[in-house]
Each structure stands twice: as C-alpha cells, then as structure tokens.
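Q: I am new to this structure and should like to learn how to read the site of a bound ligand. Could the teacher guide me through it?

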Amino acid sequence: MNVTVHGRTRHFRTVTFDAGRNAVRLIEQRLLPHEFRIVATRDFRQTARAITDMVVRGAGAIGATAAYGLAQGAHAFRGRRLADFQRHMGVVSRALKAARPTAVDPANAIHYVSQFMRRGRTIAERQALALAAAEEFASADVRHCEAIGRHGARLIRSGMNVLTHCNAGWLAFVDIGSATAPLYAAQAQGRKFHVYCDETRPRSQGATLTAWELAQQGISHQVIADNAAGHLMQRGKIDLVIVGSDRTLGRTGEVANKIGTYTKAVLAGRHGIPFYVAIPLSTIDWELKSGRDIPIEERHEEEVLGAWGVPAGAGRARAGRRAYVRVANPTSGALNPGFDVTPAELITGIITPVGILKPSELWARRRELGWAG
Ligand code: MRU
C-alpha cells in the first residue's frame with residue numbers, strides 16, 4: 001500500500017527479500033504508528049526471532065517471512081553434499097516453524113517452498129527454486145487479498161459502520177490485507193463508511209496498526225476500547241463485523257483469531273449483526289479436526305501488565321522513544337492467551353479468494369480451495 005512518511009508517498013510491501021544481501025526486509029511493526037522503519041534480518045535465525053518478537057506479525061506476513069527465511073537459509077548453505085543441504089534445510093524449517101505456533105500460514109509457506117525446492121537436482125538449483133517459490137508465495141498472498149477485496153466489497157454500503165478486531169490489514173499480509181481488503185475496494189468504488197477499530201489489548205494492534213493504516217488511506221475511523229463493542233451494537237451503531245484469521249479449519253469452519261474475536265462473534269450473534277471472516281488460502285488448515293486442537297500461543301505476562309507507547313504530545317521530535325509503562329498492580333501476575341477460536345455457527349460467511357462461503361462450504365469446495373488431498 002502507499003505510505004506517506006514525512007510528506008513523501010511511496011508504495012511498500014510489508015515483507016520483501018534483498019537477494020544481493022541475502023536479507024529479509026521487514027517493516028518494524030513494533031514502532032508503528034510513531035516511527036516508520038525498515039529493518040533487515042541477516043540470517044534465518046534472526047528472521048525467526050523477528051517473527052517471535054513480532055517485528056513482523058499477522059498471519060500472511062509471517063507466512064511470507066517464513067518463506068523468505070527458508071530461501072535465506074538455503075542460500076547461506078556452503079557445503080557440497082545434497083544430503084547435508086537437506087539436513088540444514090530441516091534445521092531452518094524447524095526454527096521458522098517454531099517461531100510462533102497459532103497461525104498456520106508459516107507452516108503452509110514452509111511446506112510450499114520445500115516441495116517446490118525438491119524439484120531441483122543440485123544444491124544450486126534448489127537454492128534458486130527456494131527463492132522463486134518464496135517470491136511466488138508472497139505474490140499469491142497479494143493476489144488472494146485482491147480477490148478478497150473484489151468479493152467482499154459488496155458487503156460494504158455507504159453509511160455503514162463496520163467493526164474490525166486486531167489488525168488484518170496490509171501490515172498483517174504482504175499487501176492490501178484480508179479484513180481490510182473489502183474496505184479498500186469499497187473505498188475505491190467511492191463508498192463512504194466508518195470503521196470502529198477495536199483497540200485489541202494487550203498489544204493494541206487495532207489502536208496502533210489498523211488505525212494507522214486507515215488514517216494513511218483516508219478512511220473514516222475511530223479506535224474503541226475492546227469492551228465498547230457490545231454497547232455500540234446494542235445502540236444500533238455497528239452494521240457489520242469483519243475480522244481476519246490466523247488459522248481456519250477447512251474441516252469444521254472454526255476460526256482462530258486474535259484474543260477477543262470470539263467475544264465479538266457472540267455479541268454480533270446476539271444482536272443479529274453479520275460476522276464475516278476474511279482469509280487467503282494459506283490460512284486454511286486442512287489437517288486438524290477440531291478447534292480444540294489449535295495451538296494457542298501464550299505470550300509474556302508483561303503484555304497484559306503494562307503497555308508500550310511514546311510520551312503524549314511527543315510528536316516527531318521524540319519519535320523512536322518508545323517506552324513500556326507498568327499499568328497493573330506491581331505484585332500481580334497475568335495470563336496472556338494470544339488467540340481464541342470462534343465456532344462456525346457464529347460466522348455468517350468466510351470471504352475467500354474464490355468467493356464468500358458458508359463455513360461448512362470450505363470442506364465441500366476443498367479442491368478449489370487448494371486442499372492437496
Ligand atoms: O499476534 P498477531 O498480531 O500476529 O495476530 C495476528 C493478527 O493480527 C490477528 O489475529 C488478525 O486478525 C489475523 S492475522 C491476518
């Protein structure tokens with residue numbers, strides 16, 4: 001998407017690869033919205049750490065980062081024997097896969113790149129194929145988000161108030177975003193609407209990232225406290241909910257997404273408000289049979305006990321002075337599950353690159369949706 005920083009507008013992708021330096025280039029998302037900076041990881045371990053530490057985050061973006069990380073690991077190999085190369089690639093894959101557990105996109109990305117790479121007969125061929133596959137994975141992510149926008153735009157009418165949770169915008173993907181794609185497409189078609197961004201504690205991706213994206217795109221929006229949505233729904237102030245997903249089960253239609261999504265789905269159900277989930281194909285898990293089997297990431301308690309930000313009114317002069325402040329009682333601990341699972345019956349539709357489907361249709365249309373059998 002286009003980003004205006006210090007008065008200059010340029011197009012950026014969230015994740016790219018610098019083949020000359022064998023480096024993965026990432027927007028440093030922890031600094032946003034106060035500072036826009038690109039960072040580069042120099043080896044696959046740094047790339048895995050950037051995923052764990054949430055320099056880059058969001059299912060599609062960490063999927064593409066893992067794909068590039070695999071290509072990066074392949075290119076760094078200096079041995080001569082194919083068997084040693086394959087062993088090395090096993091180490092790289094495991095490090096990238098373990099970086100964060102809930103989103104399935106990194107696992108799907110690693111599977112895709114690894115399969116593609118095996119077509120090469122020599123190490124050099126496999127190294128070249130790894131990069132080609134990673135580039136294709138990233139490009140597919142963009143194409144899928146474009147298609148989500150085309151299918152989802154019809155849900156957004158002028159005058160609507162739309163609620164979204166966390167950040168399933170372009171920062172969570174390579175470009176465009178999943179939940180935001182219908183918004184951007186509707187805006188391009190001239191429709192005017194308003195978006196409520198759930199703050200999304202504890203890491204505040206809604207208040208920081210989604211709000212920044214929408215501001216950059218000139219879309220009318222307000223940040224609301226996570227607890228405000230029920231009240232707004234009761235007063236008729238929310239017409240539609242669109243969220244993303246980190247793992248959607250192809251067999252059951254259950255959706256893992258940022259903690260608090262389930263609460264919003266229950267509230268939307270209670271108030272008869274349509275609740276949509278937008279996903280590229282890389283977010284579908286065809287293996288798991290139940291949402292209870294989805295690994296839910298538990299993050300550090302400091303995320304709940306405090307918050308990061310810059311001193312109020314600091315502006316550009318203090319950019320980068322990001323500080324953590326303790327909010328909770330100093331002697332208390334916290335529990336911090338990062339995701340929850342929304343059952344299929346609370347979901348009105350899943351906006352996919354092939355159209356808007358009922359959750360139960362995922363399995364019925366699995367071949368079209370990339371199920372490999
Ligand atoms: O912990 P994060 O920020 O990586 O969480 C991912 C998310 O942003 C959300 O769960 C999002 O809605 C889905 S990712 C496309």
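Q: How far does a backbone N or O atom of Asn-167 lie from an oxygen atom of the ligand?

A: The model is predicted. A polar contact is a pair of N or O atoms within 3.5 Å. Here, a backbone N or O atom of Asn-167 is 2.9 Å from a ligand oxygen. A polar backbone atom of Gly-58 lies 3.0 Å from an oxygen atom of the ligand. For Lys-258, an N or O atom of the side chain is 2.7 Å from a ligand oxygen. On its own the ligand has 400 Å² of accessible area, and the protein covers 99% of that area.

Q: Which residues around the ligand come nearest?

A: There are 17 residues around the ligand, and the nearest are Arg-57, Arg-100, Asp-246, Asn-257 and Lys-258. By type, the shell comprises seven nonpolar, six polar and four charged residues.

Q: Why does the ligand lie between domain 1 and domain 2?

A: Both domain 1 (2–145) and domain 2 (154–364) contribute residues to the shell, so the ligand lies between them.

Q: Where does the ligand sit with respect to the cavities?

A: Rolling a probe the size of a water molecule over the atoms reveals where empty space remains. In this model the count is two cavities of 30 Å³ or more. The ligand sits in the largest cavity, which holds about 190 Å³ of space. The lining of the largest cavity consists of 23 residues; nearest its centre are Arg-57, Gly-58, Ala-59, Asp-246 and Phe-339.

Note on methods: Residues numbered from 1 in each chain as written. Predicted model: local features only at pLDDT ≥ 70, side-chain atom pairs only at ≥ 80, totals over all residues. Heavy atoms only, no water. Near = heavy atom within 4 Å. Polar contact = N/O pair within 3.5 Å; in protein donor to acceptor, adjacent residues only side chain to side chain. Areas by Shrake-Rupley, 256 points an atom, 1.4 Å probe, with all protein chains shown as cover. 1 Å grid on protein atoms, 1.4 Å probe; cavity = no way out; pocket = protein on both sides within 12 Å on 5 of 7 lines; lining within 4 Å. Sits in = over half its atoms within 2 Å of the grid points. Nonpolar A, V, L, I, M, F, W, Y, C, P; charged D, E, K, R; others polar. Domains from an automatic or database assignment. Points joined across faces, edges and corners; volume = space filled by probe spheres on them.
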